[in-house]
Amino acid sequence: MRITHLRGVELTDPAPEDVAGFYEEIWGLERLDVAGPSVYFRGTGPEHHILSIHPGAQTTVRGYRLGLADRAAVDRAAAELGARSEVRIVSGPGSLGSPGGGCGLRIADPDGREVELSAEVEQATATVPGRITALAVVERAGDASAAGSAATGGRPPIRPTKLSHVVLNSPNAEAYLRLLIEALGFRVADETEHMVFCKCNLDHHSVAIARAPHASLNHVAFEVPTVEDVLVGVEHMAAHGFETLWGPGRHPQGMNAFGYFLAPNGQVVEYTAEVEQIPDDELTPRFWAPEDYEVYDDWADVSSLRPTPATRSLMRGVPETAPHGGS
Ligand SMILES: [Fe+2]
């Protein structure tokens with residue numbers, strides 16, 4: 001099976017509208033004109049939507065959406081996964097009722113979330129400018145928010161292009177990795193003591209699994225075009241009262257620049273850029289020990305080598321207790 005890319009992530013929240021404003025007005029996504037109660041957002045790239053927030057008893061992650069090449073690939077995936085006793089197909093294959101349409105199927109992951117495998121989803125047509133302002137403008141103005149607003153007609157000065165990766169904490173990590181690797185065709189890109197980075201295309205990782213005592217969301221990362229955008233994001237978030245939990249820095253695994261923040265719903269979100277692009281025949285996975293980490297860039301915060309205990313605690317997330325699902 002050949003997954004083409006990570007399309008998006010599906011969150012749940014008792015009050016989706018309460019967090020929607022953050023993603024649109026501060027984080028820089030574009031809200032789709034879709035009637036509630038679920039809310040949908042796109043980035044500047046071609047994906048129809050990259051984030052959706054659905055009503056649910058708990059603030060958590062309902063699942064994520066993966067791309068397949070076409071309808072025939074969906075049918076092949078359904079046959080392959082249907083033949084595996086350890087995989088439970090939740091729905092499909094068939095037409096998807098979600099915005100953007102397309103066809104696909106949904107399977108359960110080992111922790112009870114849902115993974116959509118889909119194709120022929122409508123692509124976004126209107127182009128939204130990517131990086132709109134420059135770090136120099138922000139620094140001169142001394143107020144990232146005002147500078148961003150002035151330069152971008154009231155829009156945040158940062159515009160994520162796509163969903164970069166989803167990191168899940170799992171108490172069933174080995175089963176989870178078997179699902180990703182053996183059933184869905186992911187490859188291991190790198191590994192640390194607690195985390196396994198899995199890739200499905202050139203991106204160093206699209207899904208990572210952290211070994212953990214409970215199932216929860218570790219973090220969700222949104223890609224921005226350049227390192228400068230990550231730094232603009234740090235300034236912009238600070239101007240809105242969101243301190244940087246971790247970063248700015250560059251991860252040894254994937255060489256991506258990062259800045260992590262705590263969204264108002266308590267979930268950890270990341271701006272990232274320059275994710276390493278690795279063809280499968282050049283893949284050389286390795287195990288990274290903490291002493292292997294170094295600071296690669298003069299703009300990076302020296303403390304960015306590793307997260308603080310408080311940030312680690314936030315990334316352990318809230319244990320998932322409620323059944324997933326919803327509209
Ligand atoms: Fe990340």
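Q: Among contacts in the protein chain between residues at least 6 apart in sequence, what percentage join residues at least 24 apart?
A: Let's start with the whole chain, which here is a predicted model. The chain has seven helices and 17 strands, and buried residues make up 50% of its 327 residues. Of the contacts between residues at least 6 apart in sequence, the share joining residues at least 24 apart is 65%.

Q: What is the mean pLDDT of the protein chain?
A: Confidence varies along the chain, and pLDDT stays under 50 over residues 130–148, a stretch with 45 contacts beyond four places in sequence in the model. Even so, 89% of the residues reach 70 or more, and the mean for the protein chain is 90.

Q: Which strands stand at the edges of the open sheet of eight strands?
A: This sheet has mixed pairing and runs in the order β2-β3-β4-β1-β5-β8-β7-β6. An edge strand has a single partner, so one of its sides is left without a neighbour in the sheet. That description fits β2 (30–31) and β6 (89–95).

Q: Which residue of β8 does Gly 63 stand opposite?
A: Two strands of the eight-stranded sheet are involved here, β5 (residues 60–67) and β8 (residues 114–119). They pair in the parallel sense over five bridges. Opposite Gly 63, in β8, is Glu 114.

Q: At about what angle does helix α1 run to β4?
A: Helix α1 covers residues 16–26, and its buried residues are Pro 16, Val 19, Ala 20, Tyr 23 and Ile 26. Those buried residues pack against β1, β2, β3 and β4. The helix lies across these strands, and its direction relative to β4 (51–55) is about 165 degrees.

Q: Which residue just after α1 takes a positive phi?
A: Look just past the end of α1, which spans residues 16–26. The phi there is about 100 degrees, and the residue that takes it is Gly 28.

Q: Why do the buried residues of α2 line one face of the helix?
A: Helix α2 (residues 71–82) has 12 residues and reaches 16 Å from first to last C-alpha, close to the 16 Å expected at 1.5 Å a residue. Its buried residues are Ala 73, Val 74, Ala 77 and Leu 81, while Ala 72 and Ala 79 are exposed on the other side. Seen down the helix axis, the buried residues line one face because they fall within an arc of 100 degrees.

Q: Which helix do the buried residues of α2 pack against?
A: The buried set in α2 is Ala 73, Val 74, Ala 77 and Leu 81. Their partners include three strands, β6, β7 (103–108) and β8, along with one helix, α5.

Q: Which are the edge strands, each pairing on one side only?
A: The sheet in question is an open one of nine strands with mixed pairing. Its order is β14-β15-β16-β13-β9-β12-β11-β10-β17. The edge strands are β14 (246–250) and β17.

Q: Which residue in β17 does Thr 192 stand opposite?
A: Strand β10 (residues 187–192) pairs with β17 in the parallel sense over two bridges. Facing Thr 192 across that pairing, in β17, is Trp 288.

Q: About what angle does the direction of α7 make with that of β13?
A: Two helices are worth viewing together here. Helix α5 (residues 173–183) lies across β9, β10, β11 and β12, running at about 160 degrees to β12. Helix α7 packs on the sheet and touches β9, β13, β14, β15 and β16. With β13 (216–223), the direction of α7 makes about 100 degrees.

Q: Is Gly 249 buried or exposed?
A: Gly 249 is found in strand β14. Leaving aside neighbours within four places in sequence, it is in contact with Phe 258, Ala 300, Asp 301 and Ser 304. Since 20 or more C-beta atoms within 10 Å make a residue buried, the 26 neighbours of Gly 249 make it buried.

Q: How far apart in space are Gly 249 and Val 302, C-alpha to C-alpha?
A: In sequence, Gly 249 and Val 302 are 53 residues apart. In space, their C-alpha atoms are apart by 8.0 Å.

Q: Which residues does Arg 306 touch, not counting residues up to four places away in sequence?
A: Arg 306 lies in the loop between β17 (287–288) and α7 (309–316). It is exposed, with 12 other C-beta atoms within 10 Å. Its C-alpha is separated by 8.4 Å from that of Pro 290, 16 residues away along the chain. The residues touched by Arg 306 are Pro 290 and Tyr 293.

Technical notes: Residues numbered from 1 in each chain as written. Predicted model: local features only at pLDDT ≥ 70, side-chain atom pairs only at ≥ 80, totals over all residues. Pairing = 2+ DSSP bridges. Helix = DSSP H or I, 4+ residues; strand = E, 2+ residues; numbered from the N terminus. Contact = placed C-beta atoms within 7 Å. Axes fitted to C-alpha atoms, helices over the stretch in contact; angles between N-to-C directions. pLDDT = per-residue confidence, 0-100. Expected span 1.5 Å × (residues − 1). Arc of directions from axis to C-beta.
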